[in-house]
Amino acid sequence: MAKGMSINERIYRKKVKQLERFAKGRLPRMALDEFKDNTPRDKGYARRNTKLRKSARKFTITGDYDYSGVLDRGLYPDP
């Protein structure tokens with residue numbers, strides 16, 4: 001007969017809070033860094049103008065340059 005498992009609610013809530021802070025704080029920055037690492041480096045214009053925009057519930061990585069769609073679709077260097 002298998003024994004049941006108990007969960008300490010205080011520790012569980014603490015871990016959930018840690019995950020929420022990670023998802024709101026460090027995760028967006030890590031995603032932006034990864035995005036910039038995968039952006040081709042020629043003169044640095046695309047990397048410099050790729051920004052992280054945060055709102056209350058979500059974050060968005062935007063490319064403020066004309067050819068950002070080409071890079072998003074993965075068509076570089078042959079658009």
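**Reading the labels in a predicted model**

Mentor: This model is predicted, and K17 lies in helix α1, which covers residues 9–24.

Trainee: Why is K17 called exposed?

Mentor: The relative accessible area of K17 is 53%. Exposed means over 50%, so K17, at 53%, is exposed.

Trainee: What makes K17 part of a patch on the surface?

Mentor: K17 gathers there with R10, K14, K15 and R21 in a patch of positive charge. Lys and Arg count as positive, and like charges are joined within 9 Å when their residues have over 30% relative accessible area and no salt bridge. K17, with 53%, therefore passes the area cut-off.

Trainee: Why is A23 called partly exposed, whereas K24 is called exposed?

Mentor: Both A23 and K24 are found in helix α1. The value for A23 is 37%; partly exposed lies between 20% and 50%, so A23 belongs there. K24 has 63% relative accessibility, which is over 50%, and therefore K24 counts as exposed.

Trainee: How do you know that β1 and β2 pair?

Mentor: Pairing needs at least two bridges. Five bridges join β1 (residues 50–54) to β2 (residues 59–63), so the strands pair. They run antiparallel, and R53 has T60 in β2 as its bridge partner. With four residues between them, β1 and β2 form a hairpin.

Trainee: Which separations are found for K24 and R57, and for A23 and K58?

Mentor: The C-alpha atoms of K24 and R57 are separated by 8.4 Å, although 33 residues apart along the chain. For A23 and K58, 35 residues apart along the chain, the C-alpha separation is 9.8 Å.

Methods:
Residues numbered from 1 in each chain as written. Predicted model: local features only at pLDDT ≥ 70, side-chain atom pairs only at ≥ 80, totals over all residues. Heavy atoms only, no water. Patch = residues over 30% accessible without salt bridge, like charges linked within 9 Å, V, L, I, M, F, W, Y side chains within 5 Å. Areas by Shrake-Rupley, 256 points an atom, 1.4 Å probe, with all protein chains shown as cover. Salt bridge = Lys/Arg side-chain N within 4 Å of Asp/Glu carboxyl O. Charge placed at Lys NZ, Arg CZ, Asp CG, Glu CD. Helix = DSSP H or I, 4+ residues; strand = E, 2+ residues; numbered from the N terminus. Buried < 20%, exposed > 50% of the residue type's maximum accessible area, 1.4 Å probe, protein only.
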